[in-house]
Amino acid sequence: MKSSVPTLQTTLDVKQVSAHVAQLGYFPLTSDFFTQADFFQKDDAERFIDSFHNLPIDKYMKDNGTYRLRRFATIEYSTSDRALHVFNDRPYYQPTEINSLNGGIVRHFDPMEESIVTDNTFLRGLLQWAFNAVEQLEGPSDWEVSLHQIRILARIDEQGEPAPEGVHRDGVTYIMMMVLARENVLGGESTIYDNDRNPLISTTLQPFDLIFADDNRVMHGVSAILPDAVDGYRDVFVAAFTKKG
């Protein structure tokens, strides 16, 4: 476990984002929003993107698919002291009523690279921005956050499924989904649904595009990706925020 107090802030107006999430239950943000942030440093952003080339295969896919690669970490954060604690050894669990495909078992994913979680300016700035947003929504509070680096492969002999469980929620308080790369792929359309599974918005996220959503008020899904003539992949970073207490 490592502990640190992040000092990075962004000039972006998190109040506006939080207001949209409070009103609609979700808010999509384009890459321009983040590339203007004071934590956006191109070299560190590229290092974060490059770290997706070193993800191992997700060995817990009950559909026997080999199209998903993954790393995982857990962090804890309190708005009272803004201290962020990183845990790379915690397992991941979802009940079957949340994840009908891969839920019901304790999953021990390979940890995110320590240098990425603790030292990457872009990632730490992005997380601090998100914590500022949830503080606007929830006030002073403590959080447990699961971090997921996921690469979905699209191969000539096997399509990739970014959301193999279908339309779902993650059983958390808020969820943030950012695409980092799309290489030689078609498809991968993200859709937000209401709790009756009626579609509210659909968009094909491009690198640095993000959706921030209230996981209790909306559901989400992503269509399959196919190779564009040659094998390709789609990289996404997911942070799932669970309010403690």
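**Salt bridges, helix packing and two positive phi values**

I will start with K244, which counts as partly exposed because its relative accessibility is 38%, and the partly exposed class runs between 20% and 50%. Everything I show today comes from a predicted model.

K244 is a partner of E76. The two form a salt bridge in which the closest N and O atoms are 3.6 Å apart. E76 sits in strand β3 and K244 in strand β13, so this pair ties together parts of the chain that are 168 residues apart in sequence. E76 itself has a relative accessibility of 18%, and therefore counts as buried.

With which other residue does E76 form a salt bridge? The partner is R90, and here the closest N and O atoms are 2.9 Å apart. This pair also links distant parts of the chain, with R90 in the loop between β4 (84-87) and α4 (114-119) and E76 in strand β3 (residues 68-78), 14 residues apart. R90 is partly exposed, at a relative accessible area of 25%.

Next is the pair D235 and R151. Their salt bridge brings the closest N and O atoms to 2.7 Å. D235 lies in strand β13 and R151 in strand β5 (residues 142-154), so to place them along the chain, they are 84 residues apart. Are these two residues buried or exposed? D235 is buried, with a relative accessible area of 1%. R151 counts as buried too, at 7% relative accessibility. Back to E76 for a moment: salt bridges with shared partners join E76, R90, E144 and K244 into one network. How many salt bridges are there by this rule? The count comes to ten.

Now a contact of another kind. E161 is in the loop between β5 and β6 (174-183). Its relative accessible area is 22%, which makes E161 partly exposed, since the buried class stops under 20%. Which residues does E161 touch, leaving aside neighbours within four places in sequence? They are Y67, I152 and A224. There is also a C-alpha distance to give for E161: its C-alpha atom and that of R68 are separated by 8.0 Å, with the two positions 93 residues apart along the chain.

On to the helices, beginning with α1 and α5. Helix α1 covers residues 14-24 and helix α5 covers residues 121-138; they pack at an angle of about 55°, and their axes are 9 Å apart. That angle makes α1 oblique to α5. The crossing of α1 past α5 is right-handed. On the α1 side, the contact is made by V14, K15, V17, S18, V21 and A22, and on the α5 side by W129, N132, A133, Q136 and L137. Sorted by class, this contact of α1 with α5 has seven nonpolar residues, three polar and one charged.

Helix α5 packs against α3 as well. The axes of helix α3 (residues 42-50) and α5 come within 7 Å, and they cross at roughly 95°. That puts α3 and α5 roughly perpendicular to each other, because the class takes in angles of 65 to 115 degrees. Which residues make this contact? From α3 they are D44, A45 and F48, and from α5 they are T121, F122 and L123. By class, the contact of α3 with α5 divides into four nonpolar residues, one polar and one charged.

Last, the backbone. As background, most residues other than glycine have a negative phi. What is the phi of R197? The value is near 65°, so R197 has a positive phi in a residue other than glycine. R197 lies in the loop between β8 (190-193) and β9 (199-203). Its relative accessibility is 49%, and R197 counts as partly exposed.

The other case is A229. Its phi is positive, about 75°, although A229 is not a glycine. Where is A229 found? A229 is in the loop between β12 (225-227) and β13 (232-244). A229 is exposed, because its relative accessible area is 66% and exposed means over 50%.

That is the set I wanted to go through.

How values were computed:
Residues are numbered from 1 along each chain as its sequence is written. This is a predicted model: local features need pLDDT of at least 70, side-chain atom pairs count only at pLDDT 80 or more; totals for chains, interfaces and linings use all residues. Side-chain values use heavy atoms; hydrogens and water are left out. Axes are lines fitted to C-alpha atoms, for helices over the stretch in contact, and angles run from 0 to 180 degrees between N-to-C directions. Helices (H or I, at least four residues) and strands (E, at least two) are DSSP runs, numbered from the N terminus. Angles under 35 degrees count as roughly parallel, over 145 as roughly antiparallel, 65 to 115 as roughly perpendicular and the rest as oblique. A crossing is left-handed if the near helix is turned anticlockwise from the far one by less than a right angle, and right-handed if clockwise. Contact means heavy atoms within 4.5 Å. Ala, Val, Leu, Ile, Met, Phe, Trp, Tyr, Cys and Pro count as nonpolar, Asp, Glu, Lys and Arg as charged, and the others, Gly among them, as polar. Buried means under 20% relative accessible area, exposed over 50%, partly exposed in between (1.4 Å probe, protein chains only). A salt bridge is a side-chain nitrogen of Lys or Arg within 4 Å of a carboxyl oxygen of Asp or Glu.
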